[in-house]
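Let's take a look at the aromatic rings in this protein model. Have the structure open and follow along.

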Amino acid sequence: MRLGRLITRIDALPPAVGALVMATTILSVGLHLLGVDWASLAFLVVALGVWLLLAAVFVRHLLTERDRWRQEADTPPALTAVAATGVVGTRLSLLGWGPVSVLALCLTVLLWPLLMTHVLRHRGRSVPGAAYLVCVATQAIVVLACAVATSSGWRWLLWPALVLFVIGILLYVLVLARFDFRQLAAGAGDHWIIAGAMSISALAGSKLVAAAAPHGPLRWATSLHDPLRIATLVLLGVALAWYAVLLCCELRWPRPGYSTKRWSTVFPLGMTAVAALSTSAALEIPWLWTLGKILLWPAVLVWAVVVLGAMRTLWRAKPRDDARTPVRRN
């Protein structure tokens, strides 16, 4: 009975749980950049475990419950499958697992058009914060492609990465024009992706800047170095501005209590820190490294708080309802 109940719970996991993988993995990246490798690896193990569970659920629904799969694929949280795979692949590339990161890149390239068409086809006139995942998923592929290009020397990958980088920014503008700004006061957590999308765009830009450095190992499209440098600084500046606005909104309109969407708050917190660290290294701006270090630790703290909230929610769930009633989706 207990095993069956566990399987039922896992099968009922909503696509939004993919943000847990994204948040945990990006914190693993940040801790690795700061040299705290034991904690970085611990976060990575957690992220990989959840990613494998979600991948199994994704495949099972695709093969045996097509109607349910289509219904979930029509919503923006479905794109966490692309974003989470991209971020995990990037982290594994830092371990030197080149073939695995290439496989992850192939998966994201296959999933991106499939899920993106579903999501864009069902967009509304007024969209929530989760809609910014169209940008996040796109830029996650750019970051992973840059990591693979750097480790393998495949400079040709950087050209499609540049195209996706531009597409990601255009998608952000498209969502911004339809975003329901009331979410800043009433959102359950995914409204933070408005900042996270800019942060991962800045991270992608920093990777392209590093690849285009005249004295770097790749020396790809060196004429684009300065424009990409300016674009990256602008994107990071916008991300930091949104970070400040969203923090003020949280203080003005507190939203206590756990929600699955709160993982979409943790991800931008960690991504902004990592974007600052990466931009500091690529553009040689020392104070951004200090800023990234300062921003990373609150992200780790919020991650721990959300984990506790998730555990309390699971503990309070009524076991007798598990077999008949789907787990509430936040």
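## Tryptophan 303 and its partner

Tryptophan 303 is tucked away: its relative accessible area is 15%, so this residue counts as buried. Keep in mind that you're looking at a predicted model.

Now zoom out for a second: searching the whole structure turns up nine aromatic pairs. In one of them, the ring centres of phenylalanine 43 and tryptophan 303 sit 4.6 Å apart, and because the planes meet at 50°, the pair is called tilted. Where do the two residues lie? Phenylalanine 43 belongs to helix H3 (residues 37–64), while tryptophan 303 belongs to helix H13 (residues 286–316), so this pair ties together parts that are 260 residues apart in sequence. Phenylalanine 43 is buried too, with 11% relative accessibility.

## An edge-to-face pair

Next up are tryptophan 192 and tyrosine 243, whose aromatic pair is edge-to-face. Centre to centre you get 5.8 Å, and the angle between the planes is 90°. Tryptophan 192 is found in the loop between helix H9 (183–186) and helix H10 (193–211), and tyrosine 243 is in helix H11 (residues 225–252), so the parts tied together here are 51 residues apart in sequence.

Are these two buried or exposed? Tryptophan 192 is buried, at a relative accessible area of just 3%. Tyrosine 243 has 12% relative accessibility, which is under the 20% cut-off, so tyrosine 243 counts as buried as well.

## A cluster of rings

Which residues do ring pairs link into a cluster? Look for Tyr132, Tyr172, Phe179 and Phe181.

Definitions and conventions:
Residues numbered from 1 in each chain as written. Predicted model: local features only at pLDDT ≥ 70, side-chain atom pairs only at ≥ 80, totals over all residues. Heavy atoms only, no water. Phe/Tyr/Trp six-rings, centres within 6.5 Å; stacked < 30°, edge-to-face > 60°. Helix = DSSP H or I, 4+ residues; strand = E, 2+ residues; numbered from the N terminus. Buried < 20%, exposed > 50% of the residue type's maximum accessible area, 1.4 Å probe, protein only.
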